Amino acid sequence: MVVCTGCSLLCEDIELVLKDGSISQAKNLCRKGYAHFQALFTERTRPTIDGKEVSLDQAIGKAAEILKSAERPLLYGWSNSSLEAQAAGIDLARRLGATIDDTSSFCQGILMELVLTGKVPTCTLDDVRNYADTSVFWGADPSNSYPRLLSRFAYYPRGEKRQKSYEEERICIAVDVRKSATARLCSNYYFRVPPGQDAEFIESILAVLDGKIPRFGDKKRMIELGTVLRKTEYGVLFPGFGMVSSLQEKTDLLVRLAAKLNEMSTFKVIPIVGHYNMRGFNQLLLDETGFINRVSFQGGKVIHGPEQSVMAAAKNCDAALVIGADPLSALPFGTARALAKTSLIAIDPRQTLTTNAARVVIPSAMYGLEAGGSSLRLDGAKIEFEAIFKTGNLSDEQILTRIKEAI
Amino acid sequence: MEVEVTIVAFQDIFQNEARKKGLYTDEYRQLSAQIILDKQDMTRLGVKDGQRVLVKNEVCGVVVAAKTSDDEPHPGLAFMINSPWSNQLVRDDVCDTSIPGFKKIAARVSPSEENVTQISELLQRMRA
Amino acid sequence: MVSAMEIYQLLPKEACKECGYVSCMALAVALLNREKKLEDCPSLQNLKYQDKFKKLKELLAPLEKASETGLIIHPEKCFGCGNCVVACPVNVAAEPTRCAVGLGPQGDKVILTVEDGVVKCMNVKECRRFGPNKVLCNACTVTCPSQAIEFV
């Protein structure tokens, strides 16, 4: 069975026809997934030290050397690695007394924490397909980031209690700063909220649900929204990064909203995360340390806080291992710059701005294509995948094991 | 002529695809180095669709192509696809949540005669 | 999609009736329905209408690619999201354990499927918009996030 690791839907109905080591036909992969599979063949990394190509063993050796002698190492990335590799990474961090953080730290972390610690109720994607009559996309545009979410689960398919599906038994609501592709599909259930005003919008919904007059937004439409939410039997809220970055520290509003909605019906929350195994890392680290991200094992203790976030650690570390992530492309200029100037080790299957700036580059296998393992889907379901192409590239897990041995 | 905007970064499937094909390709640059502006703002700036503009704030400045928005009017609000170009404009000072302002970037836009900033230059700035 | 009015604006409007229609507007509609071709308008072949002929040819080009049901796919716009695959009633009836519930088809009796990242259309004669009992089904077009599928 071929599994796509292009996003955290981890679609398992992919069919490939291989010919002469390349993909001659692929079925059921969305545009994003197809591009992900084809990426196997372009801009691959080679083992390098200070820009010069070396042997894999030399690169791994140098990486181990740098990490061993560092006083404040940072291990960052993780959301594109398998559960097995993530576990190896957490173990490595412990041994080094390092700070470990993943991409959820500047993204969906807050929401993921609420879900994983049970502060907001959640469900599986199969529950969504079988029971949901209202899907709310808030600050998220799955049509572009999770292309098959609507067709596989949230809007168009039939389910146990939703045989008439989108035609009669499901609606989709979009809350966003712009009329995204997903918002266009939600037709008259699209609510535009100016940037940074999602807190006011939530307060208005809470007011309407309490029978009060909303202070923010078009009153008529807010009351309409309240009616729809009240009539919902099984609602699912998919908050995206747009909601998180707007609410910032006011996530208690989301907890209040979920609680209020659950007074009148069933309402679950599934955060839309970045990479395919972000949830996996958050779950593993939570199980081990009680925190989903931003942990320092310095001095044999477990320390968690803003200082342990990649945003701060990038500036305080004296060495950084970046695995399966490209912070130089994705992080704010100042943070990216700090990382570029430190002793940087990059483990990645493909070239990125980070590998281009790194002192040591270790090429790795693409999970789901060249290496097998397991991961957690968006909703926490455990999905396993196998290697399809035998290319000899080492998996993240294998590389980390070798680094640990060398230390 | 200068216009002040708040930029919101977003995801685009075609730009994502171009990224997977190649970080240093023309296609990736063309799809990423863009700023989507409200029609009114374009008129105030005196730029036409496709013309180059400098997007600048206290963090950095990038030259990208201006594109007219096909959304409902949103003067003062601009959109850029999440990319190294947009991230060069994001401040790294954060509050305790440590979530940077990717979705609320304050910047000034003005017409530019310079070429669109190459990705290699973005990298150079980080290594300088 | 081009409209009858847009086509009409570019026609010679000499009302010569040589195409068999009483008005140029009627011809415009016939051109849109592909009941007539541009070559069926003798007035349009005149050199002075060369530019208009060229423009009309451009505007009508997508229709030439349309299937008999009038379905046109623009693969370069397609997200490969599968919304159409799952919404299409013919797909759903043909694959109750697959397309109906969000998965890709296993058989070949479907009309829409996603291949190499974009939508592909086949067996188009099975489409409900075709044939003597045709209905104005638009499941695939209203569920598309990018207008990659449209009808003539």
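Two residues are taken to be in contact if their C-beta atoms, placed from the backbone, lie within 7 Å. With this criterion, the predicted model can be described beginning with helix α1 of chain A, whose buried residues pack against β2 (22–27) of chain A, α1 (13–21) of chain B and β3 (118–121) of chain C. The buried residues of this helix are R31(A), K32(A), G33(A), Y34(A), A35(A), H36(A) and F37(A). Because 7 of the 8 residues of α1(A) are buried, the helix is largely enclosed by the rest of the structure.

Helix α1(A) also takes part in the contact between chains A and B, to which chain A contributes 45 residues and chain B contributes 37 residues. On the side of chain A that touches chain B, at least two residues each are supplied by α1 (31–38), α6 (142–145), α12 (241–247), α16 (327–330), α17 (333–341) and α18 (353–357) of chain A. The element that gives the most to this side is α17(A), with 6 residues. When the residues of the side of chain A that touches chain B are sorted by class, 19 are nonpolar, 18 are polar and 8 are charged.

Within chain A, the domain assignment distinguishes domain 1, which covers 15–107 + 276–406, from domain 2, which covers 109–269. The centres of domain 1 and domain 2 of chain A, taken over C-alpha atoms, are separated by 32 Å. The contact between them involves 16 residues of domain 1 of chain A and 9 residues of domain 2 of chain A. On the domain 1 side of this contact, the elements that give two or more residues are α1 and α14 (278–289) of chain A, and α14(A) gives the most, with 4 residues. The side of domain 1 of chain A that touches domain 2 of chain A holds 6 nonpolar, 5 polar and 5 charged residues.

Two sheets may be considered next. In general, strands of a sheet pair through backbone hydrogen bonds, either parallel or antiparallel. In chain A, 9 strands form an open sheet with mixed pairing, in the order β4-β3-β16-β15-β14-β5-β6-β12-β13. Its edge strands are β4 (52–53) and β13 (303–304) of chain A, each of which pairs on one side only. Inside this order, strand β6 (residues 99–102) and strand β12 (residues 295–296) of chain A run antiparallel and are joined by 2 bridges, and I100(A) has V295(A) in β12(A) as its bridge partner.

In chain B, by contrast with the open sheet of chain A, 6 strands form a closed barrel that runs β1-β5-β2-β4-β3-β6, again with mixed pairing. Neighbouring strands of this sheet are turned against each other by 45° on average, direction ignored. Strand β1 (residues 3–10) and strand β5 (residues 77–81) of chain B run parallel and are joined by 5 bridges, with F79(B) in β5(B) serving as the bridge partner of V8(B).

The largest nonpolar core contains 209 residues, of which A63(A), A320(A), I7(B), I35(B) and C88(C) touch the most other members. Helix α3 (residues 83–96) of chain A provides the largest share of this core, with 7 residues. When residues up to four places away in sequence are not counted, A320(A) touches L74(A), Y76(A), L339(A), T342(A), L344(A) and I345(A). Apart from the largest core lies another core, of 11 residues, which includes C19(C), C24(C), L32(C) and L44(C).

Note on methods:
Residues numbered from 1 in each chain as written. Chains lettered and ligands numbered in written order. Predicted model: local features only at pLDDT ≥ 70, side-chain atom pairs only at ≥ 80, totals over all residues. Nonpolar A, V, L, I, M, F, W, Y, C, P; charged D, E, K, R; others polar. Pairing = 2+ DSSP bridges. Core = buried A, V, L, I, M, F, W, Y, C linked by C-beta atoms within 7 Å. Buried ≥ 20, exposed ≤ 12 C-beta atoms within 10 Å, placed from the backbone. Axes fitted to C-alpha atoms, helices over the stretch in contact; angles between N-to-C directions. Domains from an automatic or database assignment.
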